[in-house]
Amino acid sequence: MVRYLRIMLTIVVIIAAIFAGRWVWTDYMHTPWTRDGRIRADIVTIVPDVSGWVTKLNVKDGQQVAKGELLFSVDQQRYQAAYDKSKANTNNSLYSWELAKHKYERRKALNTQQAISEESLEATRISTEIAKANYDLAKADQTVAQLNLSRTQVTAPVAGQIINLNLRQGNYVAQGTPVFAIVQSDSFYVTGYFEETKIPLIHTNQKATIELLSDTKPLTGQVVSIGKAIANINTQSNNQLLPQVQQTFNWVRLSQRIPVDIKLDALPEGIQLSAGMTATIHLATE
Amino acid sequence: MHHAVVIGGLEFSPLVIYFPMAFILTALTRFILHRLDWHDRIWKVAWFEVSLFMCFLALSVFLLSGR
């Protein structure tokens, strides 16, 4: 009896170990979790729409700005002059049009008295139309000049925090060249890079627990989207347009990582989040 | 809750703690069995101890919910 008991004890422990090992394996390999997560935020790059010297810099690095707040001003002398010129041009075109209209009305009266030819009347009518078109053109030019003048005042398109401000008063900024970025307020979200083998276990609206590297309370959120594409380096070509195909081992393949975006629930008070922070993500299983 | 072990800015899997922990627990069990002189009563001690190690490991992963 005692002999059977000692055999049974070992067998029970071995069976328990098999189940425990299987559970650990499943927990690690077949549940949707990843240590490869990053905090992200909506970044808005600030790009001047006109070129010129920065005459006034209104913000500092790291400053919190409200939507519509003045960030910096570009020297507006050239744009003011262009606007004045276009305005004068518009007036000029307006008077030209009025003159042409006046001539046309007068010639219409003359035409009824058979004093001028039909051709001359028609030429005057067309001149009036040309004068009107010139006036419309001048008005459009004035609108562009006014827009350029207003764009010398660069305002914040969103509320947020200024990041990486290296711009100084007196610097020359070029049209279309980014000068700094704004991290939009309350726009933090998390992207988890899950192995493709775990993607079938993930669906939208799935609850997520997010842990940061800093030892804070876990954040919660839910899956909003699963990335539908990642780059395939085999599709790149060299300068002769030949496909650059990567060589691989046949017996070992590395699973790709698919980005999964997670919207954060309300953040706990006082938490410091920065885009780029490392996060460990666990998704709830049914 | 040990989802990750952070040492000097390096993040490790909690398994780096759970493995030695399970090993120490197994060694402790072995020591106690020796002291109580029950060691000889167990059938296939090596199998028993390896299985016990696995059980301790799974138990620590389960209780401390770490991966």
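Let's start with the strands: β10 (residues 189-195) and β13 (residues 257-264) of chain A run antiparallel and are joined by seven bridges. Helices and strands here are DSSP runs numbered from the N terminus, with helices being H or I of at least four residues and strands E of at least two. Two strands count as paired if DSSP finds at least two bridges between them. Within this pairing, A:F194 sits opposite A:I258 of β13(A).

Before going further, a word on the source: this is a predicted model, where local features need pLDDT of at least 70, side-chain atom pairs count only at pLDDT 80 or more, and totals for chains, interfaces and linings use all residues. Residues are numbered from 1 along each chain as its sequence is written, while chains are lettered from A and ligands numbered from 1 in the order in which they are written.

Back to β13(A), which also pairs with β12 (residues 219-226) of chain A, in the antiparallel sense and over five bridges. There, A:G221 has A:L264 as its bridge partner. β12(A) in turn pairs with β11 (residues 207-212) of chain A, antiparallel again, through four bridges. A:T209 and A:T220 are bridge partners in that pairing.

Here are the strand pairings of chain A side by side.

| Strands (chain A) | Sense | Bridges | Opposite residues |
|---|---|---|---|
| β10 and β13 | antiparallel | seven | A:F194 and A:I258 |
| β12 and β13 | antiparallel | five | A:G221 and A:L264 |
| β11 and β12 | antiparallel | four | A:T209 and A:T220 |
| β3 and β5 | antiparallel | three | A:K56 and A:S73 |

The last row belongs to an open sheet of four strands in chain A, ordered β6-β5-β3-β8 with antiparallel pairing. Its edge strands are β6 (153-155) and β8 (172-173), each pairing on one side only. Between β3 (residues 52-57) and β5 (residues 70-74) there are three bridges.

How is chain A divided into domains? Domain 1 takes 33-41 + 186-283, and domain 2 takes 45-184; these bounds come from an automatic or database domain assignment. The C-alpha centres of the two domains lie 45 Å apart.

Now the helices. α3 (residues 118-150) of chain A has 33 residues and reaches 48 Å from its first C-alpha to its last, close to the expected 48 Å. That expected span is 1.5 Å times one less than the number of residues. Among the buried residues of α3(A) are A:T124, A:T128, A:A131 and A:Y135. A residue is buried if 20 or more other C-beta atoms (placed from the backbone) lie within 10 Å of its own, exposed if 12 or fewer, and partly exposed in between. An α-helix has 3.6 residues a turn, so residues three or four places apart point the same way. The buried residues of α3(A) pack against α2 (77-112) of chain A.

α1(A) has 28 residues and reaches 40 Å end to end by C-alpha, close to the 40 Å expected. In this helix A:V13, A:A17, A:A20 and A:V24 are buried, and what covers them includes α2 (45-64) of chain B.

That brings us to the interface: 20 residues of chain A are in contact with 18 residues of chain B, contact being C-beta atoms, placed from the backbone, within 7 Å. On the chain A side, α1 (2-29), β1 (33-40) and β14 (278-283) each supply at least two residues. The largest share, 14 residues, comes from α1(A).

For chain B, an unreviewed UniProt entry places "transmembrane region" at residues 12-33 and 45-64; such annotations may be inferred rather than shown by experiment, and the positions follow the numbering used here, with feature names shortened. Residues 12-33 of chain B are 86% helix and 5% strand, with end C-alpha atoms 33 Å apart. Residues 45-64 of chain B are 100% helix and 0% strand, and there the end C-alpha atoms are 28 Å apart.

Finally, two backbone oddities. Most residues other than glycine have a negative phi. A:D186, in the loop between β9 (180-184) and β10 of chain A, has a positive phi near 50 degrees. A:D186 counts as exposed because it has 10 C-beta neighbours inside 10 Å. A:L241 has a positive phi near 65 degrees and lies in the loop between β12 and β13 of chain A. With 6 other C-beta atoms within 10 Å, A:L241 is exposed too.

Conventions: Two residues are in contact if their C-beta atoms, placed from the backbone, lie within 7 Å.
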